[in-house]
Amino acid sequence: DMIRNIGPVPLEELSAVYARADALFMPTLLESFSGAYVEAMSFRKTILTSDRDFAREICSEAAFYFDPLDVDSIIEAIEAAFSDEAERSRRIALGTSVLAAIPDWSMAYQAFMELLSEQCSESLLLPSKQQLQANRR
């Protein structure tokens, strides 16, 4: 009764779902990409997730981690999160800091365009007069 898998959530319902949630509980073994961690940080929710490199890469110290194959580890993480309000609040605040460091789409686009421009400029550079003369010899 305490944990419900609600499945996919339409974007227009995301805010309402997070408003009713106490935490993001994500016992996953592999993620190629998930917006759930970023969403939970954005909505200032506790994150409980698998102790895997992909989760730590995104969440850093903002989440409570557990072994997804060990029920005792999962229970310990849930208890740790909800038995110490100060620690839970600290990790939620860390999530806000982590989120601030993640580039938004306009920043990602700008970085991509700068990289593309650099690469195009370098590949389109015309040889100097001296290089042309040296190549003729």
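Helix H1 makes the biggest contribution to the lining of the largest pocket, handing over four residues. That pocket is a good way into this structure, which is a predicted model. The pocket has a volume of about 1100 Å³, and the chain around it has 137 residues. Here's a quick tour, going from the pocket to the overall build, then to the nonpolar cores and one residue that ties into the story.

**The largest pocket**
- In total, 27 residues line the pocket, and Arg4, Ile6, Ala21, Ala23 and Phe25 lie nearest its centre.
- Two or more lining residues come from each of these elements: helix H1 (14–20), strand S1 (23–26), helix H2 (36–42) and helix H4 (71–83).
- Sorted by class, the lining has 19 nonpolar residues, three polar ones and five charged ones.

**The overall build**
- The chain's secondary structure adds up to seven helices and three strands.
- Starting at the N terminus, the elements follow the order α-β-α-β-α-β-α-α-α-α.
- As for burial, 26% of the 137 residues count as buried.
- The accessible surface is about 10100 Å², and carbon and sulfur atoms account for 56% of that.
- If you take the contacts between residues at least 6 apart in sequence, 44% of them join residues at least 24 apart.

**The nonpolar cores**
- The largest nonpolar core has 15 residues, and those touching the most other members are Tyr18, Leu24, Tyr37, Met41, Ile47 and Cys59.
- H1, S1, H2 and helix H3 (53–59) each give two or more residues to this core.
- H2 gives the most to this core, with four residues.
- Set apart from this core is another one, made of six residues, including Phe64, Phe66, Ile74 and Ala81.
- Take Ile47 as an example: leaving aside neighbours within four places in sequence, Ile47 is in contact with Leu24, Tyr37, Ala40, Met41, Cys59, Ala63 and Phe64.

**A closer look at Phe25**
- Phe25 sits in strand S1, and it's one of the residues that lie nearest the centre of the largest pocket.
- Phe25 has a relative accessible area of 27%, so it counts as partly exposed, given that buried means under 20% and exposed means over 50%.
- Beyond its neighbours within four places in sequence, Phe25 is in contact with Ile3, Leu48, Phe66, Ile74 and Ile78.
- Two of those partners, Phe66 and Ile74, are members of the six-residue core.
- Phe25 and Asn5 are 20 residues apart along the chain, and their C-alpha atoms are separated by 9.1 Å.

Notes
Residues numbered from 1 in each chain as written. Predicted model: local features only at pLDDT ≥ 70, side-chain atom pairs only at ≥ 80, totals over all residues. Heavy atoms only, no water. 1 Å grid on protein atoms, 1.4 Å probe; cavity = no way out; pocket = protein on both sides within 12 Å on 5 of 7 lines; lining within 4 Å. Points joined across faces, edges and corners; volume = space filled by probe spheres on them. Nonpolar A, V, L, I, M, F, W, Y, C, P; charged D, E, K, R; others polar. Buried < 20%, exposed > 50% of the residue type's maximum accessible area, 1.4 Å probe, protein only. Contact = heavy atoms within 4.5 Å. Areas by Shrake-Rupley, 256 points an atom, 1.4 Å probe, with all protein chains shown as cover. Core = buried A, V, L, I, M, F, W, Y, C linked by side-chain atoms within 4.5 Å.
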